[in-house]
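Please find below my notes on the model, set out as numbered points. They are intended to be read with the sequence and the structure at hand.

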Amino acid sequence: MKILFQGDSITDAGRDYSNFHDMGEGYPKYATAMLIDSYPDIDFEFINLGISGHRTENLLERLESDFIDIQPDIVSILIGVNDIWHRYLVPPINTSYEQTAENYRKILTAIKEKTNAKIFMIQPFLIGLDWLRPELEELKKTVDGLAEEFADVYLRLDEIFLADEQWQKDNSFYSDDGVHPNSNGSCFIGEQYFKALSPLAESLTND
């Protein structure tokens, strides 16, 4: 079972670019360990092609080489925060919600049409940075809508964080900068990923 992780720095998490089987230090590291431990009879191949700083536009640019050519059984995608975050860079990169939606839709449509992959979408999230929250809420509307149309599994990660008692008590437990998960946050996301993906992995194994 070939599982492809795609996204930005949260998926990249310091992975070795010379070895796409390296999971880095983020949630893919924890999720894959749990999958291997729980399903010893499944021959997994895990591929991480997340790249720090990438936006939906960048994923679209590498659609053929880093999605279609891989021909995964499952592709998971966590993308979108940089589409809003990079509006505040100097100089800014202004990506509208409409452009984000168009880019993402093209990616998902191509996966549906050119692969047999099941699509696992992950809701963009913030662990802190309350000032960016209104823009994230708008972004979530876009991603939620696309997930309803395209996703075989949708992990509503931002909502999970918001409901988490530890997050409510002290969200810095999960992140040092409000965006990138620390080891606590990466492990937490890995656990949520594992729980959401397990039924899909089991169904593919039984087919």
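1. Pro 181 has contacts with Ile 10, Phe 125, Ile 127, Tyr 174, Ser 175, Ser 186 and Ile 189, when its neighbours within four places in sequence are left aside. The model is a predicted one. Pro 181 lies in the loop between helix H9 (165–169) and H10. Is this proline buried or exposed? Its relative accessible area is 18%, and because buried means under 20%, Pro 181 is buried. Between Pro 181 and Leu 155 there are 16 Å in space, C-alpha to C-alpha, and the two are 26 residues apart in sequence.

2. The next point concerns Asn 48, a residue of strand E2 (residues 45–48). Asn 48 has a relative accessibility of 0% and therefore counts as buried. What does its side chain reach? One partner is the backbone oxygen of Thr 11, at 2.9 Å; another is the backbone oxygen of Met 23, at 3.4 Å. With neighbours within four places in sequence set aside, the residues in contact with Asn 48 are Phe 5, Thr 11, Asp 12, Arg 15, Phe 20, Asp 22, Met 23 and Pro 28.

3. Arg 15, one of the contacts of Asn 48, also deserves attention for its charged end, which sits over the ring of Tyr 17 at 4.2 Å from the ring centre. Such an arrangement is found again at Arg 87, whose charged end sits over the ring of Tyr 97, 4.5 Å from its centre.

4. How many aromatic pairs does a search of the whole structure find? The search finds twelve. Among them is the pair of Phe 44 and Phe 46, which is stacked, with 5.0 Å from centre to centre and 20° between the planes. Phe 44 has a relative accessible area of 14%, so this residue is buried. Phe 46 is buried as well, because its relative accessibility is 8%.

5. The rings of Phe 161 and Phe 188 form a tilted pair, because their planes stand at 40°, with the centres 5.0 Å apart. For the reasoning, planes under 30 degrees apart count as stacked and those over 60 as edge-to-face, so an angle that falls in neither range is called tilted. This pair links distant parts of the chain: Phe 161 belongs to helix H8 (residues 157–163) and Phe 188 to helix H10 (residues 183–206), and they are 27 residues apart. Both Phe 161 and Phe 188 are buried.

6. Phe 161 and Phe 188 are also members of a cluster, in which ring pairs link them with Phe 125, Phe 173 and Tyr 174. Phe 125 and Tyr 174 appeared in point 1 among the contacts of Pro 181.

7. Finally, the protein as a whole. It has ten helices and five strands. Why may it be called as compact as a globular protein of its length? Its radius of gyration is 16 Å, which is close to the 17 Å that the globule rule gives for 207 residues, so the description applies. The C-alpha trace spans about 45 × 35 × 35 Å along the principal axes.

8. Of the 207 residues, 55% count as buried. The accessible surface comes to about 9,300 Å², and carbon and sulfur atoms account for 49% of it. Among contacts between residues at least 6 apart in sequence, 74% join residues at least 24 apart.

Notes: Residues are numbered from 1 along each chain as its sequence is written. This is a predicted model: local features need pLDDT of at least 70, side-chain atom pairs count only at pLDDT 80 or more; totals for chains, interfaces and linings use all residues. Side-chain values use heavy atoms; hydrogens and water are left out. Rings of Phe, Tyr and Trp (its six-membered ring) pair if their centres lie within 6.5 Å; planes under 30 degrees apart count as stacked, over 60 as edge-to-face and the rest as tilted. Buried means under 20% relative accessible area, exposed over 50%, partly exposed in between (1.4 Å probe, protein chains only). Helices (H or I, at least four residues) and strands (E, at least two) are DSSP runs, numbered from the N terminus. A charge sits over a ring if NZ of Lys or CZ of Arg is within 6 Å of the ring centre and within 35 degrees of the ring normal. The radius of gyration is taken over C-alpha atoms; the globule rule is 2.2 Å times the number of residues to the power 0.38. Contact means heavy atoms within 4.5 Å. Accessible areas come from the Shrake-Rupley method with a 1.4 Å probe; for residues, only the protein chains shown count as cover. A polar contact is a pair of N or O atoms within 3.5 Å; within protein, one must be able to donate a hydrogen and the other to accept it, and residues adjacent in sequence count only if both atoms are side-chain atoms.
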